[in-house]
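User: Please take a close look at one part of this protein chain, working outward from a single helix to whatever packs against it. I would like one connected account rather than a list.

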Amino acid sequence: MKSILLKLLPRSIKELAKKCLSTFSILTVKLFSINGFTASIYYLILDRSFYREHKASLLGRLSFQKKLKQVDNSSALLRRNIHRLEKGLIMRPRRASFAEAYVLETVEVFILAVQTKGFCKKELKWATDVLQKYFEVVEDQGRISLARATFATTNEPVSGNHSKAKSVPYSHASLPAPSVEFEELTQLYTRRRSVRWYQDRQVEKKSLEKAVNSASLAPSACNRQPFFFNYTADGALASNIAELAMGTVGFAGNIPALIVVVGDLSNYPSERDRHVIYIDASLAAMQLMLALETLGLSSCPINWPDVESRERLMQNKLGLQYFERPIMLIAVGYAMPAGEIPFSQKKSADMLLKEIL
Ligand SMILES: Cc1cc2nc3c(=O)[nH]c(=O)nc-3n(C[C@H](O)[C@H](O)[C@H](O)COP(=O)(O)O)c2cc1C
């Protein structure tokens, strides 16, 4: 009916109607943007853009709570709390007693991890070594003695199965010296461009694994690393998934491998951290693209639109949980030497660097 009407109406009427709708829409936005409450009413009644984010945040919180009782191969709470303990250990001056508020819950989730088959051994070693170091130096106060006694009941010899070096804080002086000069690094940055034309050449899983291991060295809030990379090196499937994004028109069919960067909201007990998935995943994604470049592979980040119908398609395609949110796609492949790259002029420090006065 709507399409028939649109066909019958003269162009001038259609343009007038479009203008009226646009004015009405701006007026509505103006009206509802008066304060936070009216803005929430707007998004409750007139616009469902945040529908998925709201539900995903709540389901993420629920899943976080569930994982306090049942972990799989990693634990967000353990990672965060072990990180906090490490921060307490490196404090200058270090306090005689610290972490009383959360050390007991840390030991409890640690024990759960020890008892869980398939839990990441490296994560467990890190937690074991840090907890051991913590109890070596901390003075008992309040719940710390109970946490100490509870920790003493575990006899998991994880440290023995791995590198003898302890996974505990170390001095900056023991870091490897940087092996790249500023110019070399800038050359790598210059070399990385968004490439959209690729050779018909298989992308090896080994290269992706190598690049992902490099990317995993990126910083993340409380070292939780709340993301994962779904990938396919099947060109047809890569193109099929890339088509779900809006910005791949004209080159989706030319993508040999595709990575979907996914953020996991079940890493957080509250909404205040809901944006961290985007920050952490993007920091890692940047390192991933640079690492790929050093392996001879080019890439192109692809925007993932927060549009319900597309979210649903991607969720089904990848078998994602509702609280696992696609963040961006990355096309990967060997660049076609004659394929062109937009100039993409960059802003410089005189525009980007603003002194806080
Ligand atoms: C988050 C993000 C989303 C992007 N989405 C698309 C996209 O949908 N389609 C596309 O062709 N390029 C996309 N790009 C690539 C940008 O167009 C490109 O990074 C920018 O023009 C600068 O060019 P350069 O990457 O070669 O430096 C995206 C880049 C980023 C960082």
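Analyst: What follows is a walk around helix 6, with its setting in the chain first and some other parts of the chain afterwards.

The model is a predicted one, and its protein chain comes to 14 helices and 4 strands. Taken along the principal axes, the C-alpha atoms of the chain fill a box of roughly 80 × 55 × 50 Å, and of the 357 residues 27% count as buried. Among contacts between residues at least 6 apart in sequence, 81% join residues at least 24 apart.

Helix 6 covers residues 103–115, and its axis comes within 8 Å of the axis of helix 8, residues 144–152, the two crossing at roughly 15°. That angle makes helix 6 roughly parallel to helix 8, since angles under 35 degrees are classed in that way. The crossing of helix 6 past helix 8 is left-handed. On the side of helix 6 the residues that meet helix 8 are Val 103, Leu 104 and Val 107, and on the side of helix 8 they are Ile 144, Leu 146, Ala 147, Thr 150 and Phe 151. Sorted by class, the residues of this contact divide into 7 nonpolar, 1 polar and no charged.

Helix 7, residues 121–137, also packs against helix 6, here at an angle of about 140° and with the axes 11 Å apart. Helix 6 and helix 7 are therefore oblique to each other, as an angle has to be over 145 degrees to count as roughly antiparallel. Helix 6 passes helix 7, too, in a left-handed crossing. The contact draws on Val 107, Phe 110, Ala 113 and Val 114 of helix 6, together with Leu 124, Ala 127 and Leu 131 of helix 7. Its residues divide into 7 nonpolar, no polar and no charged. Val 107 thus appears in the contact with helix 8 and again in the contact with helix 7.

Ala 113, which is found in helix 6, gives a residue-level view of this packing. With 24 C-beta neighbours inside 10 Å, Ala 113 counts as buried, because the cut-off for that class is 20 or more. Leaving aside residues up to four places away in sequence, Ala 113 touches Val 71, Ser 75, Leu 78, Phe 119, Leu 124 and Ala 127; of these, Leu 124 and Ala 127 belong to the contact surface of helix 7 described above. Ala 113 and Asn 73 are 40 residues apart in sequence, and their C-alpha atoms are 8.1 Å apart in space.

The loop between helix 5 (76–90) and helix 6 is where Met 91 has its place, and Pro 93 is found in that loop as well. Met 91 is exposed, having 10 other C-beta atoms within 10 Å where 12 or fewer are needed for that class. The C-alpha atoms of Met 91 and Leu 295, 204 residues apart along the chain, are separated by 39 Å. A cis peptide bond joins Arg 92 and Pro 93, with omega at about -5°.

Another helix pair can be set beside those of helix 6. The axes of helix 10 (205–215) and helix 12 (residues 276–294) come within 8 Å and cross at roughly 135°, which makes helix 10 oblique to helix 12. This crossing is right-handed. Ala 211, Val 212, Ser 214 and Ala 215 of helix 10 make the contact with Ala 284, Gln 287, Leu 288, Ala 291 and Leu 292 of helix 12, and by class the contact has 7 nonpolar, 2 polar and no charged residues.

The loop between helix 10 and strand 1 (227–232) holds Cys 222, and Asn 223 has its place there too. Cys 222 has a positive phi of about 55° although it is not a glycine, and phi of Asn 223 is near 55°, again a positive value in a residue other than glycine. Cys 222, with 19 C-beta neighbours inside 10 Å, counts as partly exposed, and Asn 223, with 14 such neighbours, counts as partly exposed also.

Helix 2 (residues 11–32) offers a further point of reference. At 1.5 Å a residue its 22 residues should span 32 Å, and its end C-alpha atoms are 32 Å apart, which agrees. Of those 22 residues the number buried is 0, so helix 2 lies largely in the open, whereas Ala 113 in helix 6 counts as buried.

Conventions
Residues are numbered from 1 along each chain as its sequence is written. This is a predicted model: local features need pLDDT of at least 70, side-chain atom pairs count only at pLDDT 80 or more; totals for chains, interfaces and linings use all residues. The expected span of a helix is 1.5 Å times one less than its number of residues. Axes are lines fitted to C-alpha atoms, for helices over the stretch in contact, and angles run from 0 to 180 degrees between N-to-C directions. Angles under 35 degrees count as roughly parallel, over 145 as roughly antiparallel, 65 to 115 as roughly perpendicular and the rest as oblique. A crossing is left-handed if the near helix is turned anticlockwise from the far one by less than a right angle, and right-handed if clockwise. Two residues are in contact if their C-beta atoms, placed from the backbone, lie within 7 Å. Ala, Val, Leu, Ile, Met, Phe, Trp, Tyr, Cys and Pro count as nonpolar, Asp, Glu, Lys and Arg as charged, and the others, Gly among them, as polar.
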